[in-house]
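Work through the following exercises with the sequence and the model open beside you. Try each task on your own before you read its worked solution.

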Amino acid sequence: MKNVKPKKIGILTAGGDCPGLNAVIRAVVKIATTKHGIEVVGFKDGYDGLIKDEYITLGNREASGILTIGGTILGTSNIANPYKYAVKRDGKVIFKDVSKKAIQTYKKHKLDALIAVGGDGTLTIASKLMKDGLKIVGVPKTIDNDLSGTTLTFGFDSAVTTATEAIDKLHSTAQSHHRVMIVEVMGRYAGWIALASGMAGGGDVILIPEIPYRMEKIREKLRERHKAGKRFSIIVVAEGAKPVGGEMTVHKIVEASTDKVRLGGVAYRLADDIEKLTGIETRATILGHVQRGGTPTAFDRILATRYGVEAMNLVLEKKFGRMVALKGNTMTNVPIAVAIGKLRVVPVNSPLVLSLKAMGVSFGD
Ligand code: F6P
């Protein structure tokens, strides 16, 4: 059969935002419109735009000057799920299946493909929409770096850079006041951001969800440093870190969200415990969403651009149901099902963990 070129495609960015989303949009639009004359519609606010048919036509003008800009020009949502759409009824949140509307929008535009840029939640929805007949290519995004099937997600490097800069700043004030400074970073159920920023920022203790900690071990490390004449310490804690036999610290529950749990606050809990246990003055800083904002690093701009180019290759080759991925430094692709199968967490004996342990960094275990 003759290879018919796609005429029109859609793109959406869903889930939590991160630096680099615009770089993907830019690469897709430039290749689609300039090189192949393919029309591109960008749905607003993730799947919400697909459900409500709210979109902007993306041409060269829209894709210009956005490479360095954080966030997403399309907007995003981490609650708009076509299969479980939250609506308020009598002040209560109820969920409706509005997937037919999303499918209708896709058909109305006569799309030849949809590029879904997102993490675990976005790609899980994409895989359902594929079963309902949509042709989808996935692009892996998340600061958490916890998607299976790819070595790296874009956004991670920018988040790690922001966290590292914060740790650097906390170092000087920790030194002046002879304090323990705890910095809490994001990452949800994976400790990648804590591990990487802890290594880059020279953390003395790094606590990640994959290695539950014991207060006693943290105390030992702080005492050891004190004895060696070091009068301050830096602890980098992932928001999902938990004590042995204990639970993660939940900040709030967002009922309308696919994953309702919002973690946060473990740093305060730790600070209180450390002060009680050691008598050393301790302060906690929670970095929060600052890690998701701002301009993407050069590394993320390059990675996101490569992902955008590869996503367009998949569309042109009609390889649907696949997510672009990085293996080593090689661009490849994997079935979306691989990416959403299970979260990619830090192996407890990963080379980074072992290197840090060899240098005396404590993981509280
Ligand atoms: O998945 C990205 C992430 O920033 C996590 O690291 C964090 O736990 C969560 O999203 C925060 O979600 P929200 O933006 O809904 O507060």
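## Exercise 1: an aspartate in a loop

In this predicted model, the backbone nitrogen of Ile 234 lies 2.7 Å from a polar atom that belongs to the side chain of Asp 204. Task: find where Asp 204 is placed, decide whether Asp 204 is buried or exposed, and name the side chain with which the side chain of Asp 204 makes a polar contact.

Solution. Step one is to locate the residue: Asp 204 is found in the loop between α7 (192-200) and β9 (205-207). Step two is to look at its accessibility: the relative accessible area of Asp 204 is 11%, and because buried means under 20%, Asp 204 counts as buried. Step three is to look for the partner, which is Arg 225, whose side chain is joined to that of Asp 204 by a polar contact of 2.9 Å.

The loop between α7 and β9 also holds Gly 203, which is buried with a relative accessibility of 5%. The C-alpha atom of Gly 203 is separated by 9.7 Å from that of Thr 164, although their positions lie 39 residues apart along the chain.

## Exercise 2: the surroundings of the ligand

Task: state which pocket the ligand takes up, and list the residues that surround the ligand.

Solution. Step one concerns the space itself: the ligand occupies the largest pocket. Step two is the list, in which the ligand is surrounded by Asn 78, Ile 143, Asp 144, Met 186, Gly 187, Arg 188, Glu 239, Arg 262, His 289 and Arg 292. Step three picks out polar pairs: an N or O atom in the side chain of Asp 144 is 2.6 Å from an oxygen atom of the ligand, a polar side-chain atom of Glu 239 also lies 2.6 Å from a ligand oxygen, and for the side chain of Arg 262 the distance from an N or O atom to an oxygen atom of the ligand is 2.7 Å. Of the 400 Å² of accessible area that the ligand has on its own, the protein covers 83%.

## Exercise 3: a helix and its buried residues

Task: compare the span of helix α10 with the expected value, and then say which residues of α10 are buried.

Solution. Step one is the length: α10 runs over residues 298-317, has 20 residues, and reaches 29 Å from its first C-alpha to its last, which is close to the expected 28 Å. Step two is the list of buried residues, namely Asp 300, Leu 303, Ala 304, Tyr 307, Gly 308, Glu 310, Ala 311, Met 312, Leu 314 and Val 315. When reading such a list, remember that an α-helix has 3.6 residues a turn, so residues three or four places apart point the same way. Step three looks just past the helix, where α10 is followed by Lys 318, with a positive phi near 60°.

## Exercise 4: two aspartates with positive phi

Task: give the place of Asp 45 and of Asp 90, and classify the accessibility of Asp 45 and of Asp 90.

Solution. Step one takes Asp 45, whose phi is positive, near 55°, and which is found in the loop between β2 (39-43) and α2 (47-52); with a relative accessible area of 32%, Asp 45 is partly exposed. Step two takes Asp 90, which is not a glycine and yet has a positive phi of about 50°, and whose place is in the loop between β4 (85-89) and β5 (92-96). Asp 90 has a relative accessibility of 81%, and because exposed means over 50%, Asp 90 counts as exposed.

Notes: Residues numbered from 1 in each chain as written. Predicted model: local features only at pLDDT ≥ 70, side-chain atom pairs only at ≥ 80, totals over all residues. Heavy atoms only, no water. Helix = DSSP H or I, 4+ residues; strand = E, 2+ residues; numbered from the N terminus. Expected span 1.5 Å × (residues − 1). Buried < 20%, exposed > 50% of the residue type's maximum accessible area, 1.4 Å probe, protein only. Near = heavy atom within 4 Å. Polar contact = N/O pair within 3.5 Å; in protein donor to acceptor, adjacent residues only side chain to side chain. Areas by Shrake-Rupley, 256 points an atom, 1.4 Å probe, with all protein chains shown as cover. 1 Å grid on protein atoms, 1.4 Å probe; cavity = no way out; pocket = protein on both sides within 12 Å on 5 of 7 lines; lining within 4 Å. Sits in = over half its atoms within 2 Å of the grid points.
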